[in-house]
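I opened the structure today to look up a helix, a pocket and a strand residue, and I keep my notes here in the order in which I made them.

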Amino acid sequence: MGGRHEPERPMPLAIPPELIARLAGAQRIAVLTGAGISAESGIPTFRDALTGLWARYDPLQLATPEGFARDPALVWDWYAERRRRIAQVQPNLGHLALAQMEQRYPHFTLVTQNVDGLHQRAGSRTVIELHGNIGRVKCSRELTVVAAYAEGESPPRCPCGAWLRPDVVWFGELLPEQAMEQAEAAARNCEVFFTIGTSAEVYPAAELPMTARAAGAAVVEINPDKTPLTRHAHFVLHGPAGVVLPQLLARMPAAA
Ligand code: BV8
């Protein structure tokens with residue numbers, strides 16, 4: 001009889017000792033995450049070919065005010081489908097490791113481009129959402145968040161009569177000013193800046209690791225693939241966030 005099949009144990013990662021030393025001596029850490037950190041929860045990234053119903057749609061067309069104006073029902077239904085998928089998944093080991101990492105440092109700022117709320121569900125207490133949150137809905141005219149709305153019409157309407165829309169930042173829209181200011185301050189003042197699961201192609205978020213680098217921080221990229229940032233990073237850990245982050249956490253100082 002064959003033995004019990006041990007779950008696939010990830011290969012131990014070669015983590016540079018200089019990085020361990022930087023993390024041991026650091027007080028201020030900043031992290032930027034992108035869609036890749038939610039990939040292991042089963043949420044397709046923007047660069048993956050979207051599976052199923054949405055395979056033929058391009059987020060760059062749907063996640064825009066023009067796309068919404070052109071076909072509000074299609075855009076609303078795309079977000080409703082994404083919301084349903086997010087409700088069915090769980091945060092993964094990468095999200096959970098970042099929530100624990102926050103406890104290890106006196107100054108830990110997590111900035112995310114993701115709109116799925118999985119960092120908060122994993123227990124991260126301070127999350128700066130640069131691109132909003134798919135769980136929130138706002139009036140497309142008054143821009144005020146609406147807590148409840150009658151399902152039925154797609155998109156539903158605000159009491160003022162205008163369509164409701166997801167409270168996310170579309171391409172061509174400005175990012176929330178306070179969120180961006182906090183993110184930039186964290187990038188300028190941190191000692192180590194992690195960029196995790198992002199293709200580093202969407203601005204102005206993609207500027208943050210370069211801001212940190214210019215301010216003297218050690219920039220660490222965690223991604224299975226290369227990105228335009230890879231050559232600028234001081235440390236590159238090639239692998240999925242759900243594998244790399246728990247191994248990195250195990251080498252970090254105990255909780256502060
Ligand atoms: C703006 C919410 C000012 C909606 C999103 C230069 C300066 C300023 C602006 C621009 C500029 N150049 C171009 C622009 C315009 C534009 C832009 O950046 N375009 C890109 C396409 C070039 N930026 C904007 O429009 C921004 N607004 O600048 O306002 C302005 C205003 C008016 C006129 C002019 C300027 C707004 C950008 C925000 C858009 N909204 N999301 C929604 O989600 O539906 S962006 C959306 O796409 C996501 O939020 C995310 O940010 C982005 C996708 O990027 P990633 O997160 O990196 O995901 P991606 O799939 O690309 O990559 C995943 C990575 O994970 C890969 O590298 C993969 O290898 C890796 N990975 C996979 N598995 C794993 C993994 N990593 C780790 N572990 C794994 N297991």
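The entries below record what I found, beginning with the helix.

Entry one. I note at the start that this is a predicted model. I looked up helix α4, which runs over residues 72-88, and compared its expected span of 24 Å for 17 residues at 1.5 Å a residue with the 25 Å between its end C-alpha atoms, and the two agree.

Entry two. I then asked which residues of α4 are buried. I found Pro-72, Val-75, Trp-76, Trp-78, Tyr-79, Ala-80, Arg-82, Arg-83 and Ile-86. For their cover I noted several elements, including the helices α2 (59-62), α3 (65-70) and α6 (118-122), together with the strands β4 (132-139) and β6 (164-168).

Entry three. I turned to the second largest pocket, for which I wrote down a volume of about 200 Å³. Strands β4 and β6 each supply at least two residues of its lining, and among the lining residues I listed Gly-132, Arg-136, Lys-138, Arg-165, Asp-167 and Val-168. By class, I recorded five nonpolar, one polar and six charged residues in the lining.

Entry four. I finished with Asn-133, whose place is in strand β4. Is Asn-133 buried or exposed? I entered it as buried, because its relative accessible area is 13% and the cut-off for buried is under 20%. A polar atom of the Asn-133 side chain lies 2.6 Å from the backbone nitrogen of Gly-135. Leaving aside neighbours within four places in sequence, I found Asn-133 in contact with Val-115, Gly-117, Gln-120, Asp-167 and Val-168.

Terms used: Residues are numbered from 1 along each chain as its sequence is written. This is a predicted model: local features need pLDDT of at least 70, side-chain atom pairs count only at pLDDT 80 or more; totals for chains, interfaces and linings use all residues. Side-chain values use heavy atoms; hydrogens and water are left out. Helices (H or I, at least four residues) and strands (E, at least two) are DSSP runs, numbered from the N terminus. The expected span of a helix is 1.5 Å times one less than its number of residues. Buried means under 20% relative accessible area, exposed over 50%, partly exposed in between (1.4 Å probe, protein chains only). Contact means heavy atoms within 4.5 Å. On a 1 Å grid over the protein atoms alone, a cavity is a set of points where a 1.4 Å probe fits but cannot get out, and a pocket is an open set with protein on both sides within 12 Å along at least five of seven lines; lining residues have an atom within 4 Å of a point. Grid points are joined across faces, edges and corners, and a volume is the space filled by probe spheres set on the points. Ala, Val, Leu, Ile, Met, Phe, Trp, Tyr, Cys and Pro count as nonpolar, Asp, Glu, Lys and Arg as charged, and the others, Gly among them, as polar. A polar contact is a pair of N or O atoms within 3.5 Å; within protein, one must be able to donate a hydrogen and the other to accept it, and residues adjacent in sequence count only if both atoms are side-chain atoms.
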